[in-house]
Amino acid sequence: MNIGELLKVSWKSLVSNKLRSLLTMLGVIIGVAAVIVMIAVSAGTEATISEAINGLGTNLVFISGTVTRGGPGQGPQNQQGGLVYDDMTAIRERTSGVAGVTVDQQSSVTIKYGDVTLEDVSVVGTTPDYPTVRDVQVETGRFFTDKEQERTTKVVVLGSGIAEELFGEADPIGQSINVNTTKLTVIGVLAPKGLVSGTDFDEQIYTPISVVFKKFTPSMFSRIMGDRVRQIIVSVDENANMDEVVQQISILLANRHEVSLDSPDFSIRTQADIIETQESTTSSFRTLLAWVAGVSLVVGGIGIMNIMLVSVTERTREIGLRQAIGATPGDIQVQFLSEALMLSLLGGVLGILAGVGGSYLFGSLSDMRTVIEPFSIALSFTSAAFIGIFFGYIPAQKAAQLDPIVALRHE
Amino acid sequence: MDGSPLIIETLALKKVYGSGDSQVNALDGIDIKISAGEFVAIMGPSGSGKSTLLNILACMDRPTDGQYILAGEDVSGYSRKELAFIRGRQLGFVFQSYNLLPRLTALDNVMLPMMYQRENRVHADQRREIAMEVLASVGLTDRAHHLPNQLSGGQQQRVAIARALINHPLLILADEPTGNLDTRSSHEIMDLLHTLHASGRTIVMVTHEPDIAHYTERIILIRDGRLASDQKNGRPALAGARSRVEMEGRAE
């Protein structure tokens, strides 16, 4: 028998039992689809993370306050921990290896310009270092200056999305917008940056932090919180040692806040920490999928073996006849192997289609990104082939070892 | 016997099943010679060993002892693979229960043995033609594309005979070829075998029906694993057939 004949014979045998063949392939289909989805999710996560790395700016250290005091019934709790504006100044002045420091204090406001009202917009109170540290560009106009920061000048820089919603095509520079009850003058618009690890830079507005302290912190909090800030962001000099800088900052802040390093009222996260957190959330998911894929490939293989064994029994007379008219044990073995292989490869192809489709579906239905990797298709196709040969071997061997006389008498 | 080349020669052929006390001598030293062009019936009561003999002659079983020489080739010690080659190249089989593959048409069933040919392979297009010719020679041109279950028993057995002929075998072995057929179909099949014999084929047939055996020219009777008798079966048509066989035999 040549290859063409062999494939034709195998194909006929599978087609004559369509439903059974399809059900047999199901395990392989699920396994292969799972392999592809799994790799697509991993690749998507990696892409997201690497974009996050680029988007965060380089070598960032995020310092946030943590809840340290305040018991039950003591009024508004100190949610911001111990970070104050002066901590930023101290870090800038007394730490080596720091390229830039900025703060980030947010408040939710309502913006009005003309007929347009935008509610629940984040106003980010920050410092002139912000564009450098967070790696954002000013597209038109300029960012505010140290002088404006010191004098609490009522200026604002708009995220590109906000600018478009308020002004459309018109030039926003020099216009005044109402933010809550305060009038701010637009001095610049940022270039689009998009969503980076949960923050949409385009949908925020940026003012000197002094303006936020004065105008956008609810008065009942302002007495307690003073010039407290949510987050200090340090950009580390690229030649400096990240760990050393983190160490210096920890000691500095612990001294300033008079807390021990063992129970600080602030937490420091580097970019690496953030990436690690993101990775660990997806890695358990990936492990789960890898198991699902592996188990269903094996189950699929056992299904193929099962059906092939049934098929050998059912077709015992056919095997006897083929042997009688000249088929060698090898011919019989190859025929049944080829059927098993065809089942698994067909299952593989359907699984690839299901996996690619599933990855797109998964990507659009969940917030995880999926990227189809060509090598995952090759990998799953190869494993399907391997499954077919591995689990087809025993039935094929059984068929080949049938005695033609016994096989021909089989009822 | 008469100058025709020997197709089958067995020397003290023995087949033993089991061992020790439960040992059964299915064949207990059989010596037969069958020449090219002969039409031989092997008869015997059930359990006589005639099926065992046929299985060995068909190269589907190996003798425990003794020799089986098929067309000058001692195949007694051949491996399963070598025996498969011999079956595909030299032998054609007709079974009691036809053994057609149910999902293949008559034509495809006839073509089946050509798939397992190792030498003188015929191109797929030509196979169809050859198979059609053979089907025509058994009178089934109009049934070529029918499935076995759409054919009568007699027609199915004709397809099986066509399948046995497709590779131009040296020897045709038939195991109770009329066992599943009514009287009329049985005689049609025997007429067909007789025609084949008349055109020079060598045919060995196992049967237990005397009137079927009557179609042959020689009857070998087996009893208790031994040759009980070996007689010429005087039928008039034989002389003519024999002379044609001799001519063909020499041409080869």
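Leaving aside neighbours within four places in sequence, which residues is B:L173 in contact with? In this predicted model, the partners of B:L173 are B:L54, B:L57, B:A58, B:L91, B:F93 and B:V204. B:L173 also belongs to the largest nonpolar core, where B:L173 is one of the four residues that touch the most other members. The points below cover the cores, the contact between chains A and B, and the make-up of chain B.

**Nonpolar cores**
- The largest nonpolar core holds 115 residues, and B:I42, B:V110, B:A162 and B:L173 are the members that touch the most others.
- Although these four residues lie in chain B, the element that gives the most to this core is helix α2 of chain A (residues 18–55), with 14 residues.
- A second core, separate from the largest, comprises 49 residues, among them A:I63, A:V101, A:V179 and A:V245.
- In soluble globular proteins, nonpolar side chains tend to be buried together.

**Contact between the chains**
- Chain A provides 19 residues to the contact and chain B provides 17.
- On the side of chain B that touches chain A, the elements giving two or more residues are α2 (80–90) and α3 (106–115) of chain B.
- Of the elements on this side, α2(B) gives the most, with 5 residues.
- By residue class, the side of chain B that touches chain A has 9 nonpolar, 5 charged and 3 polar residues.

**Make-up of chain B**
- Chain B contains 11 strands and 8 helices.
- Buried residues account for 46% of the 252 residues of chain B.
- Among contacts in chain B with a separation of 6 or more, 70% join residues 24 or more positions apart.

Terms used
Residues numbered from 1 in each chain as written. Chains lettered and ligands numbered in written order. Predicted model: local features only at pLDDT ≥ 70, side-chain atom pairs only at ≥ 80, totals over all residues. Core = buried A, V, L, I, M, F, W, Y, C linked by C-beta atoms within 7 Å. Buried ≥ 20, exposed ≤ 12 C-beta atoms within 10 Å, placed from the backbone. Helix = DSSP H or I, 4+ residues; strand = E, 2+ residues; numbered from the N terminus. Contact = placed C-beta atoms within 7 Å. Nonpolar A, V, L, I, M, F, W, Y, C, P; charged D, E, K, R; others polar.
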